[in-house]
Amino acid sequence: MDKRDRLRQLPAVHELVNRCSGAGCPTHLLTAAARQVLERWRKKILENGIDPPAPGELAAETAALVRSRLSPSLRPVINATGVVLHTNLGRAPLSEAACQAVAAVAGGYCNLEIDLETGSRGERYSHVEELLCDLTGAQAALVVNNNAAAVFLALHVLARGREVVVGRGELVEIGGSFRVPEIMAQSGAILREVGTTNKTYPRDYERAIGPETALLLKVHPSNYRVVGFTREVSRQELVAIGRSYRIPVMEDAGSGVFFDLLEFREAGESLIGESLAAGVDLVTCSGDKLLGGPQAGIIVGRADLVQALKESPLLRVLRVDKMTLAALEATLRLYLEGKAEEAVPVLRMISLKNSEIERRAIFLKEMLSASLGEECKLEIMPGSSRVGGGSLPLAELPTTLLSLRPGKMTAASLAGRLRRGDPPVIVRIWEDRVIIDPRTLAPGEEEQLAAALKAALRGEPGTPAGEEKAGGESDWIPLS
Ligand SMILES: *Cc1c(COP(=O)(O)O)cnc(C)c1O
């Protein structure tokens with residue numbers, strides 16, 4: 001049989017659609033999917049000269065394509081990596097209180113910009129400004145879309161066309177697209193770098209200061225550390241220089257610590273309030289890193305500087321919506337009420353005791369070993385979790401891992417099945433083992449995870465086998 005005969009064996013689009021109808025799918029989607037499936041097979045037949053599949057197989061393929069088109073793209077996943085702030089998995093999971101606050105305003109109207117007392121027009125930032133001031137000791141506060149936007153806005157408003165002095169050891173890149181020199185250039189400010197990569201002295205700053213200097217900027221080296229033969233200009237030193245030359249000092253604090261957790265102290269992090277108390281004039285940080293709130297850029301500091309940012313037309317471009325404000329307000333209230341450590345998932349996960357993690361790892365192992373038998377070798381082993389999100393890069397949080405060594409497939413293939421399962425599960429891979437770190441499981445997620453693991457190991461529907469590229473993308477160990 002030549003290629004033409006094989007092609008002729010493929011059904012017409014309407015025939016394939018008829019075979020699939022009755023499943024209650026919208027016809028236009030069914031037609032588009034049938035065309036796509038038939039096109040795919042035409043190509044395969046022409047390229048490889050293979051036989052066309054049975055009609056039932058084509059129908060199943062078409063139905064699967066329609067199902068995937070109809071199911072949401074953005075979905076919850078189980079994070080079994082032990083990386084708490086996983087940028088690719090949405091960074092900080094919100095607290096119960098924050099989720100409720102979002103739900104309460106999402107579907108209806110709210111007092112976003114109206115003063116309910118007087119009936120006059122209010123400011124959206126008022127819902128969080130006082131809270132931020134209470135928690136940090138700031139005179140004023142503002143919130144924008146993310147920390148990159150916060151830095152950009154501040155540089156644009158306070159230093160456009162003028163110079164900003166930054167130490168060479170602090171010219172950071174975060175996650176590819178946030179790079180201090182590039183953000184600076186986009187904002188219209190002129191970067192004046194001083195010192196060297198490993199050593200910068202107060203006199204380097206002083207020599208760079210001139211009539212064009214608008215700001216002294218300190219950037220938190222979030223995702224790296226300069227170690228060894230080093231000298232960095234401390235916050236206090238920079239503030240002293242700023243004072244004597246009457247130039248404002250700004251700090252990009254990166255992760256934004258609002259709570260005095262032992263793990264943060266040990267990693268040398270300081271609180272946002274401490275930066276302000278040391279005399280820094282303006283501090284920016286992320287809302288969805290160590291604060292554990294929604295994606296947002298928090299700006300706190302001197303009232304006149306914050307006011308200048310509020311008056312910029314650019315603020316309108318970077319403004320946050322009601323859902324961000326609802327989530328942020330609820331998160332900040334947990335801090336104010338002294339409930340943050342137990343109620344904010346990020347803080348809870350970072351401070352989780354290893355004995356508790358071990359208990360969960362053993363619980364998981366027992367749930368699995370009862371039904372898996374010889375299919376998979378299960379082992380409990382010590383390890384470390386990461387904070388992630390470019391925060392506390394050197395901090396190793398002691399944890400207890402569950403290692404799975406599947407008998408009939410590679411670890412990469414098991415990881416792929418887990419990722420394509422429902423709910424999707426994201427794991428670490430290490431030496432042909434799938435590694436589960438219970439630290440980042442939500443409370444009660446163990447049962448769901450155990451069911452997903454069983455399904456993936458057995459190749460149940462929805463977890464097709466043999467689709468992993470050998471040694472391919474599944475070795476991806478997500479750590480950022
Ligand atoms: C994370 C980070 C940013 C970017 O913050 P986003 O909220 O992701 O925009 C900027 N600067 C530093 C130092 C950071 O750590």
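K310 is a lysine that counts as buried, because its relative accessibility is 17% and the cut-off for buried is under 20%. This comes from a predicted model, so keep that in mind for everything below. You'll find K310 in helix α13, which covers residues 303-310. Setting aside residues up to four places away in sequence, K310 touches E123, E129, A141, L142 and L315. Two of the residues on that list, E123 and E129, are glutamates.

Just past that helix, S312 sits in the loop between α13 and α14 (314-318). S312 is buried too, with a relative accessible area of 11%. Not counting residues up to four places away, S312 touches L153 and V157.

**The whole protein**

Now step back to the overall layout. The protein has 480 residues, and 49% of them count as buried. It holds 20 helices and 16 strands. The C-alpha trace spans about 90 × 50 × 50 Å along its principal axes. The accessible surface adds up to about 22900 Å², with 51% of it belonging to carbon and sulfur atoms. Of the contacts with a separation of 6 or more, 76% come from residues 24 or more positions apart.

The domain assignment splits the protein into three parts: domain 1 (3-70), domain 2 (78-87 + 350-475) and domain 3 (96-343). Domain 2 is written as two stretches of sequence, 78-87 and 350-475, with domain 3 (96-343) falling between them. The C-alpha centres of domain 1 and domain 2 are 36 Å apart.

**The cores**

Which residues touch the most other members of the largest nonpolar core? They are L132, L153, V164, F258, L282, V300 and I350, out of 90 residues in that core. Helix α7 (residues 147-159) gives the most to this core, with 9 residues. The core also draws at least three residues from each of domain 2 (78-87 + 350-475) and domain 3 (96-343).

Take L132 as a way in. Leaving out residues up to four places away in sequence, L132 touches G137, A141, V143, F258, I298, V300 and L332. Two of these, F258 and V300, are themselves on the list of residues touching the most other core members. A141 turns up again as well, since K310 touches that residue. And L153, another name on the core list, is touched by S312.

There is also a second, separate core, made of 27 residues and including L414, V425, V434 and L441.

**The ligand site**

Around the ligand you'll find R91, N146, N147, A148, I174, F178, H220, S222, D252, G254, S286 and K289. Here are three of the distances to an oxygen atom of the ligand.

| Residue | Atom on the protein side | Distance to a ligand oxygen |
|---|---|---|
| R91 | side-chain N or O | 2.9 Å |
| A148 | backbone N or O | 2.9 Å |
| K289 | polar side-chain atom | 2.7 Å |

So how much of the ligand does the protein bury? Taken alone, the ligand exposes 380 Å², and the protein buries 94% of that.

**Backbone oddities and an exposed proline**

A few spots are worth a look if you're scrolling through the backbone. The peptide bond from D422 to P423 is cis, with omega near 0°. P423 lies in the loop between α19 (411-420) and β14 (425-426).

R246 isn't a glycine, yet has a positive phi, near 55°. R246 is placed in the loop between α10 (235-245) and β9 (249-252). Is R246 buried or exposed? R246 counts as exposed, because its relative accessibility is 76% and exposed means over 50%.

E431 is another non-glycine residue with a positive phi, near 45°. E431 lies in the loop between β15 (428-430) and β16 (433-436), and is exposed with a relative accessible area of 58%.

Last up is P382, which sits in strand β12 (residues 376-388). P382 is exposed, with a relative accessible area of 71%. Ignoring neighbours within four places in sequence, P382 is in contact with T399 and L401. P382 and N354 are 28 residues apart in sequence, and 9.5 Å apart in space from C-alpha to C-alpha.

Terms used
Residues are numbered from 1 along each chain as its sequence is written. This is a predicted model: local features need pLDDT of at least 70, side-chain atom pairs count only at pLDDT 80 or more; totals for chains, interfaces and linings use all residues. Side-chain values use heavy atoms; hydrogens and water are left out. Domain bounds come from an automatic or database domain assignment. A nonpolar core is a set of buried Ala, Val, Leu, Ile, Met, Phe, Trp, Tyr and Cys residues joined through side-chain atoms within 4.5 Å. Buried means under 20% relative accessible area, exposed over 50%, partly exposed in between (1.4 Å probe, protein chains only). Helices (H or I, at least four residues) and strands (E, at least two) are DSSP runs, numbered from the N terminus. Contact means heavy atoms within 4.5 Å. A residue is near a molecule or strand if one of its heavy atoms lies within 4 Å of it. A polar contact is a pair of N or O atoms within 3.5 Å; within protein, one must be able to donate a hydrogen and the other to accept it, and residues adjacent in sequence count only if both atoms are side-chain atoms. Accessible areas come from the Shrake-Rupley method with a 1.4 Å probe; for residues, only the protein chains shown count as cover.
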